[in-house]
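Q: I would like to learn how to read the places where parts of a protein model meet. Could you take me through them one at a time?

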Amino acid sequence: MPIYDQTYRPYRGSFEPHTMRWWTIAKAGLKHYMSRKLFLLFLFIATIPAIVRGVLIWLSHQAAMTGFQIIDASFYRGYLTWQGPFLLLICIWPGAILIARDLKSNAIQLYLCRPLTRRDYVIGKFAIIAGIGTLLLPVPGLLLFLMEIGLSDNMDFVVNNYWLPLSILGYSAVVIAGAGLLALAASSMTKSGRYAGLLFFAIVFVSQMIGTVLRLITGNQAFIVLSLPEMVNQTGSLFFGGFGEQVYVIPSLTMYAALIALSLWVLKRRVKAVEIVT
Amino acid sequence: MNPGAGSSVDRTMPPGPVASEHVIEVEDLTILYGGNRALDAATCAFPKGAVGLLGPNGAGKSSLLKTLLGFLTPDSGKASVLGMDVAQRPLDVRQQIGYMPEIDCHIPGMNAVALVAYLGELCGMPEAEAIQRAHEALYYVQFGDERYRNVETYSTGMKQRVKLAQALVHGPRILFLDEPTNGLDPKGRMEMLSLIRDLSRRKEVNVILSSHLLRDVEETCTNVVMLSHGKVVGQGSIEALKGVSGELFEVRLKGTREPFLKAMAERGCEAVTTEDGLIDVALRDGKGSETIFDAARSSGVQVRHLVRKQPTLEDVFARAVGEGR
C-alpha cells in the first residue's frame, strides 16, 4: 500500500466560530512583518520620537528644569502629528501591497472559496495596518500619558486632562481608519504593490498640492479641506481642542468621511473572487 | 431517481425531481454576464462519488462551480449543496467544499506547509491542527522536503498538487476540481488522476471534476453532467449514456457523402462525419448494419469500410453537444 494511503483521513476536529475569521488574516500578516529585520528596524526608528518625548517628560519633572517643557494636550497632539509620516510609510509599505499582491497571485479566490466573506478579508487586511498603526500612535501616546502621571507629584495633571486618553485613542482611530482604508483601496486598484504605493502617495500629496494652490490663487482658506494632511490636522482639533482657531473642522470631517466612504466603495467593487468581463 | 442509473436515461432530457442522494442539485439556474448567458436555465443533479462536469471552453462549467461556491449570484433559479441553499447559506456551503481553482494561484511569500495550514486556519481549524493537517495533505499529494520551499519556485505540476492539498486540508465532503490536469506532463497527469480516483473511491470524498479533457473524466468519474452554451445537454452515468448511443459503426464511403447522410437521417439514424473523413453511424431501436447498406444503395454510394465501434465518452459528448445547439 502506498504510504499516502495511510495519511489522508477525514477531518474530525472542531472548527472555530466564523466571527473571528478575519483575525487569522491579521495574525498571519502581523507575524510575517514582525519577523522581518527591515521592518523591525523601521519600528525602532519610529519609536525614537516617543523616547525623545519620554525624556522631555522626565526632564520637565527635574527641579533644575522647571518650565523647560509644558506637558499638556498640545504635547500629546504634537507627538501624534509627528508620527503621521511614519503612518504614511506604513500605508505605503506594507499597506499598499496587501491586496495588490493577492490580486497579482490570484490569491483572493483562495481566500473567498473558504467560509470567509469579502468583509472578513478586508477587515483582516485592514487590521494589519491598524495593528502596526496602533504600535506607532496610541500605544506610545498612552504610555507617555501614564509616564506623566507616574512622575507627577499631585493629581492636577489627571484632573485637568482626564479626557486625554480617549482623545489619543479617538484621534488615532480616525487617522488610522482613513489612511488604512485609503491604502487598501489604492492596493485593490492594481496588481502592482509599487504602483499602489505610488497611487497612495500621489493621493496624499496631490490633494495637498491642489488644496494649497487653490488657496493661494483664490485666497479662499476653505480650499484647505481638499488637502488630506490638512483634513487630518483639522480633525485633530476636534479631539484636542483649538476649535476656535481651526475653522474648517466640520467641512474637513465631512471630506474625510467621504474619503473613507469612497475607499470602502472601491474595496467593495474590487475585492471579488471572480472578475467578470462583459 | 439517480439520472445516471439504468440504461433508459435520455441524456437530452432535463432530469426529473432530484432526490436526497444527490450532493448537489441545480434547478433552472441562469447566470448572465451582461447580455451573455453563462448558464441558461440549467437543471442538473450530481450524485455521490465522482462526477465529471464536461463541456467545451465557454460552456459554463466554471460559472456553475463559481455559482455553487457563492461567487456569482444567480439571475434566476436555485442551487443547493448537501441540501443547503447556496444563496442562503454560502458560508456553510463553503465549509463543506474544497475548491481547486483552474488558474495559477498562491499566497506570495509562503512555503507549501505555511500556505496549506493558513488556508486550513481560514476554514476555522485551530492552528496546531491546521499545521498537522497541512503536512498530511501535502504528504498525500506526494510532497517531500520541497514542501518547505517557497511556492513561487514550484513547477506547474507541484503547484497543481499544492492546490489539491489546500482544497483537502479541512476535510471537505465535496471537492471541486477545475481542470486539475492543466499544464501537467503525462506522468503528472497520471498521478493527479490516480489521486482523484483514490479520493472518490476510497476516501469517500465526492468529487466534481470540471474538464474539457474527456479522457480525464472517463478515467476518474462514474457520472457526468454535460454543458454546452450554458445548457445542460446530458447527464447520467457514463455507462448508461454509452448504452443510449446504441450500436455504433465506423463507415468509409466511395462517392458523395451528403446523400448518404440524408438517407441515414430519413431512416431515423444519426450519421456524423468525423475529422478523419469517416462517418460514425449510430443505429438504435434494433436496427442493424443492413440499414447502412440500404441507405448506401439508395444514395448511390459504395460502402468500402464498415467496423463496429465501442462507444466512447467522446462519442456521447459529441452527440450531446451537437443536439444541444
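**Reading two interfaces**

A: We can begin with charged pairs, keeping in mind that this is a predicted model; between chain B and chain A the count is four salt bridges.

Q: Which residue of chain B forms a salt bridge with Lys27(A), and how far apart are the closest N and O atoms?

A: The partner is Glu127(B), and the closest N and O atoms of the pair are 3.7 Å apart; since the rule accepts a nitrogen and a carboxyl oxygen within 4 Å, this pair counts as a salt bridge.

Q: Which helices of chain B supply at least two residues each to the side that touches chain A?

A: They are helix 2 (90–95), helix 3 (112–122), helix 4 (127–140), helix 5 (156–168) and helix 6 (186–201) of chain B, and of these helix 4 gives the largest share, with seven residues.

Q: How do the residues on that side of chain B divide by character?

A: The side of chain B that touches chain A has 26 nonpolar, 10 polar and 11 charged residues. Polar contacts are counted separately, and 16 residue pairs of chain B and chain A make them, with both residues at pLDDT 80 or more.

Q: How many residues are in contact, and what area is buried between the two chains?

A: On the chain B side 47 residues are in contact with 38 residues of chain A, and the two chains bury about 4,100 Å² between them, with 61% of that area on carbon and sulfur atoms.

Q: What domains does the assignment give within chain B, and how far apart do their C-alpha centres lie?

A: The assignment gives domain 1 (8–240) and domain 2 (244–323) of chain B, whose C-alpha centres lie 36 Å apart. Contact is read here as it was for the chains: 16 residues of domain 1 of chain B are in contact with 12 residues of domain 2 of chain B, and about 1,100 Å² is buried between these domains, 68% of it from carbon and sulfur atoms.

Q: How many salt bridges and polar contacts does the rule find across that domain interface?

A: The rule finds zero salt bridges between domain 1 and domain 2 of chain B, and one residue pair in polar contact, both residues being at pLDDT 80 or more. On the domain 1 side, helix 7 (214–220), strand 9 (223–228) and helix 8 (238–244) of chain B are the elements that give two or more residues, and strand 9 gives the most, with four. The residues of this side divide into 11 nonpolar, three polar and two charged.

Key
Residues numbered from 1 in each chain as written. Chains lettered and ligands numbered in written order. Predicted model: local features only at pLDDT ≥ 70, side-chain atom pairs only at ≥ 80, totals over all residues. Heavy atoms only, no water. Contact = heavy atoms within 4.5 Å. Buried area = accessible area lost by both parts, 1.4 Å probe. Salt bridge = Lys/Arg side-chain N within 4 Å of Asp/Glu carboxyl O. Polar contact = N/O pair within 3.5 Å; in protein donor to acceptor, adjacent residues only side chain to side chain. Nonpolar A, V, L, I, M, F, W, Y, C, P; charged D, E, K, R; others polar. Domains from an automatic or database assignment.
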